[in-house]
Amino acid sequence: MDTPVVRKRKVAFPLSLKPLAKRAKANEPSMTAGAPLADRLRPRRLSDFIGQRHLTGSDSLLMNMVKNGKLGSIIFWGPPGCGKTTLSRLLAKEANCTFKELSATSSGINDVRAVFEEAKGLLALTGKKTILFLDEIHRFNKAQQDIFLPYIEQGQIQMIGATTENPSFKLNGALISRCRVLTLERLTDEDVREIVVGAIVRVSHQRVDADANVLDDGGPLSSQGSSQVLSSQESCNYSSFPHITDRVLSSIVSLSSGDARTALSLLELVLCTSDMKEDDLITSLRRSISTSYDRTGDSRYDMISALHKSVRGSQGSAAMYWLARMLTGGEDPVYIARRMVVCASEDIGLADNQALTLAIATLHACQQIGMPECRINLAHLVAYLSEAPKSTRAYEAYKRAEEAAKLVPYLPVPMAVRNAPTKLMKELGYSEGYKYNPSYVHPVHNEYLPIPLQCEKFLKDEADVSDKIWDEDALLHWEKECNEGHRWSGRPTE
């Protein structure tokens, strides 16, 4: 009997069961189209990168490292929107390395470990190096950062970490010692303008290509580099976007504050709004920007330092500006008032004993009244402290005394100035020979310091300038900038 033939029937899988890779690939165009303008217009070649010329210049340390194939591990430290991510991607492409990208905000140690193990295997099999770009690396605590150490030290992976926070405070010392820390500066207005103009030209070309049914391959801003972008702008004069006037462009540059991502986001808003009047458009742009002030980041400490130093330098206008910057950014007024209490004794000190009283009163006002009214109290205090005479005699005296106290902490108190509340202590010589000052109609002397320190003078006389510096160049600069070119009245007579 013949065995029946069983024919296999083809089963048509529904669309939802197609391989995930194919589905992901099919979705890529729509994902790209929906990406923000700042992401779609990233430069694709290192020669098109704008800004950070101290790093991207042909004679820079970083470029020499890339040319020699010794990129190593790097920490990019800089403000948001200065090009850390873009530069990392371009460096990996230039170095012909496998590029992996993670963010510490959404990835954990297991994700990082998986990349490291994959890079280790790839290096062993093919000899090709892997660059891991880890954004917001400071989000990992210092204990978690220890996982990077063996892989970096053995050269199994090259890591580029990006952070907006000071690496000295946020990163593990062992990790910093194995990486090169490179600082990225906030972009200049000229850099931002060049980026925005290039983006306008690029989008204009995309619009023309779309009308001609030509697909944009997502190449660089200009086929001849960014230097051609500005010349292209002169010829087209934004003909595709007539509502982008010079005032609108200048507003975008100004409002971005050196942040390329913010600038391109503002440009994207402008491109979508072609029927608004110029003034209304600029007003809308200003309202769309939130104040970039981080009460937990470096900017807070930089600004409070600038405020304190402006008061110390008797620069009331500068001090008032930094006060306004902090308060409008949402800083706690009590934090500022506390710093000014310190300033009242540290910098004004004995030159004006009312300064500390006013500072304490202002601190109390900030605690009891709060914003927005207490900004007036702070303005009063900052103005007063800025214009007050300055003296560090008390502060410097304490520092000298503290140094001596730490150097010889075991010196006994002189017997004459010891207290003698009991009979035994009197018999032992406590308080013997002490002269009670109010009992005399004339000055008297007691030995108040231990014998080794009796010749020390921690609190200097007011006229004593023996430990002060005379810098003729600094004085000439002050006379020019702050004294209308006139000679300082305190100059010694010739």
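Buried means under 20% relative accessible area, exposed means over 50%, and partly exposed covers the range in between. That scale is needed for the salt bridges below. The structure is a predicted model.

**Salt bridges**

The whole structure holds 17 salt bridges. Three pairs are set out here.

| Pair | N to O distance | Citation |
|---|---|---|
| Glu101 and Arg89 | 3.0 Å | |
| Asp279 and Arg247 | 2.8 Å | |
| Arg491 and Glu479 | 2.8 Å | |

Take Glu101 and Arg89, whose closest N and O atoms are 3.0 Å apart. Their pair links distant parts of the chain. Glu101 sits in strand S2 (residues 98–103), Arg89 in helix H5 (residues 84–94), and 12 residues separate the two. Arg89 has a relative accessible area of 29%. Because that value falls between 20% and 50%, Arg89 is partly exposed. Glu101 is partly exposed as well, at 35%.

Next come Asp279 and Arg247, joined by a salt bridge of 2.8 Å, N to O. Asp279 belongs to helix H14 and Arg247 to helix H12, so the bridge ties together parts that lie 32 residues apart in sequence. Asp279 is partly exposed, with a relative accessible area of 46%. Arg247 is partly exposed too, at 42%.

What is the setting of Arg491 and Glu479, buried or exposed? Arg491 is buried, with a relative accessible area of 13%. Glu479 also counts as buried, at 5% relative accessibility. Their side chains meet in a salt bridge of 2.8 Å, N to O. Glu479 is in helix H22, while Arg491 lies in the segment after helix H22 (472–482). The pair links distant parts of the chain, 12 residues apart.

Salt bridges also form a network. Arg53, Asp191 and Glu194 are linked in this way.

**Nonpolar cores**

The largest nonpolar core has 29 residues. Which of them touch the most other members? They are Val196, Ile252 and Leu267. Five elements give two or more residues to this core: helix H2 (37–40), helix H10 (189–211), helix H12 (246–256), helix H13 (260–271) and helix H14 (278–287). Helices H12 and H14 also carry the salt bridge partners Arg247 and Asp279.

Val196 touches Leu249, Ile252, Ala263 and Leu267, leaving aside residues up to four places away in sequence. A second core is separate and has 28 residues. Among them are Ile336, Met340, Ile348 and Leu378.

**Helix packing**

Leu378 appears again in a helix contact, on the H19 side. The partners are helix H16 (residues 316–328) and helix H19 (residues 374–387). Their axes come within 9 Å and cross at roughly 155°. Angles over 145 degrees count as roughly antiparallel. H16 and H19 are therefore roughly antiparallel to each other. The crossing of H16 past H19 is right-handed.

Which residues make the contact? H16 supplies Gly316, Ala319, Met320, Leu323 and Leu327. H19 supplies Arg375, Leu378, Ala379, Val382, Ala383 and Ser386.

**Ser177**

Ser177 is placed in helix H9 (residues 173–177). Its relative accessible area is 56%, and Ser177 is exposed. Ser177 and Leu149 are 28 residues apart in sequence. In space, their C-alpha atoms are 9.9 Å apart.

Key:
Residues numbered from 1 in each chain as written. Predicted model: local features only at pLDDT ≥ 70, side-chain atom pairs only at ≥ 80, totals over all residues. Heavy atoms only, no water. Core = buried A, V, L, I, M, F, W, Y, C linked by side-chain atoms within 4.5 Å. Buried < 20%, exposed > 50% of the residue type's maximum accessible area, 1.4 Å probe, protein only. Helix = DSSP H or I, 4+ residues; strand = E, 2+ residues; numbered from the N terminus. Contact = heavy atoms within 4.5 Å. Salt bridge = Lys/Arg side-chain N within 4 Å of Asp/Glu carboxyl O. Axes fitted to C-alpha atoms, helices over the stretch in contact; angles between N-to-C directions. Parallel < 35°, antiparallel > 145°, perpendicular 65-115°, else oblique. Left-handed = near helix turned anticlockwise from the far one by under 90°.
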